[in-house]
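Here are a few exercises to work through with the model open in your viewer. Try each task first, then compare your steps with the solution.

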Amino acid sequence: MDIQTLKNFVKLAETLHFTKTSEQVFMAQPALSRQIRQLEKSVGAELFKRNKRNVSLTKAGVYFKQAAQQAIDQLNYATNRAKQIHNGEAGEIRIGYTHSIVQSILPGIIKEIRTEFPDVKTVLREMNNYEQYRDLTEQKIDIGFATNPVVPDNLKSKVFFKDVFVVVLPVNHPLLQASPFDISALANETFILPHEVEGSDYVNAVESICIDAGFLPNVVHHTSSVSSALRLVEAGLGVTIEPKASLSGQRLAVRYVELNNIPQKVHSTILWNDNTESEHSRILNLVKKIINI
């Protein structure tokens, strides 16, 4: 029993006419009759009542017609779905990102992917840079959006946006009154930063800003969550340095000062692997187009 036999059976069940069916399926009538008899033998039931004038379905035939049509429909769906997945038009795309990305461009990217590929499910994970390197290498995610990454040789990357760092302080902090703002004044402040194990690239960037100003940051609270860091700043437990984009949409009692006159900048970077290029090339190309690279 093969799929073509099932299709011929369904067609005959619809026309109830061997001659018409044989013409529609481009098969000689004797061959069609033999095929249907062999199908009945395989099923172990008579599917058609035949006489010289009429052909009709038996009760078993009525049931088998419905089941055969479902099998054909399921195979057609599976075939089309497999083709869509192969072409990157279905399945899922797994994206890792740092906080500043979701506060800026990521929602727009997801919207465009959804519009262009409505059958693709997007799986999103907020991750630090190291986690993105690891999961891209292990093919657990397909695209990464990192901040100031030190990209491993086995991954591909492109900087698509440069932002400034900002110092984030409680809303009533006295340093907000200073003009111009002097970074060295932060030497006596307590800092809220990720642990170096969780965000070495970011921590190194912040430390270099502070070292250029003549001090090392006094880190008293570690958190890899930007939202948590901003809440701690709001509570007066310290200050932090973040990409400006991380503050987008925030409604907290904090203020920030842009560090425009320092060499360190925020490099928002897209990362991907060879598998992304082969399995998700159309989505990857769409994302590259959106971020203008």
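## Exercise 1: the largest pocket

In this predicted model, the largest pocket holds about 460 Å³ of space. Work out which residues lie closest to its centre, which elements line the pocket and how the lining residues divide by character.

**Solution.**
- Step 1. Start at the centre: 30 residues line the largest pocket, and the closest to its centre are Thr-98, Asn-128, Pro-194, Tyr-202 and Ser-224.
- Step 2. Next, look for elements that give two or more residues to the lining: these are helices H5 (99-102), H7 (129-137), H8 (196-212) and H9 (226-234), together with strands S8 (190-193) and S10 (240-243).
- Step 3. Pick out the main contributor: H8 gives the most, with seven residues.
- Step 4. Sort the lining by character: eleven residues are nonpolar, 13 polar and six charged.

## Exercise 2: the buried side of H9

Find which residues of H9 are buried, and what they pack against.

**Solution.**
- Step 1. Apply the cut-off of under 20% relative accessible area: in H9, Val-226, Ala-229, Leu-230 and Val-233 are buried.
- Step 2. Check their directions: these residues cover an arc of only 95° around the axis, which puts them on the same side of H9.
- Step 3. Recall the helix geometry: an α-helix has 3.6 residues a turn, so residues three or four places apart point the same way.
- Step 4. List the partners: the buried residues of H9 pack against H5, S8, S10 and strands S7 (165-170) and S11 (254-258).
- Step 5. Then step past the end of the helix: just after H9, Gly-236 takes a positive phi of about 80°.

## Exercise 3: an aromatic cluster

Take ring centres within 6.5 Å as a pair, and planes over 60 degrees apart as edge-to-face. How many aromatic pairs are there, and how are the rings of Phe-9 and Phe-48 arranged?

**Solution.**
- Step 1. Count: the rule gives four aromatic pairs.
- Step 2. Take Phe-9 and Phe-48: their ring centres are 5.5 Å apart and their planes at 65°, so this pair is edge-to-face.
- Step 3. Place that pair: Phe-9 lies in helix H1 (residues 3-15) and Phe-48 in strand S1 (residues 48-50), so the pair ties together parts that are 39 residues apart in sequence.
- Step 4. Turn to Phe-9 and Phe-64: with centres 5.2 Å apart and planes at 65°, this pair is edge-to-face.
- Step 5. Place the second pair: Phe-64 lies in helix H4 (residues 59-86) and Phe-9 in H1, so parts 55 residues apart in sequence are tied together.
- Step 6. Put the pieces together: Phe-9, Phe-48 and Phe-64 form one aromatic cluster.

Conventions:
Residues numbered from 1 in each chain as written. Predicted model: local features only at pLDDT ≥ 70, side-chain atom pairs only at ≥ 80, totals over all residues. Heavy atoms only, no water. Phe/Tyr/Trp six-rings, centres within 6.5 Å; stacked < 30°, edge-to-face > 60°. Helix = DSSP H or I, 4+ residues; strand = E, 2+ residues; numbered from the N terminus. 1 Å grid on protein atoms, 1.4 Å probe; cavity = no way out; pocket = protein on both sides within 12 Å on 5 of 7 lines; lining within 4 Å. Points joined across faces, edges and corners; volume = space filled by probe spheres on them. Nonpolar A, V, L, I, M, F, W, Y, C, P; charged D, E, K, R; others polar. Buried < 20%, exposed > 50% of the residue type's maximum accessible area, 1.4 Å probe, protein only. Arc of directions from axis to C-beta. Contact = heavy atoms within 4.5 Å.
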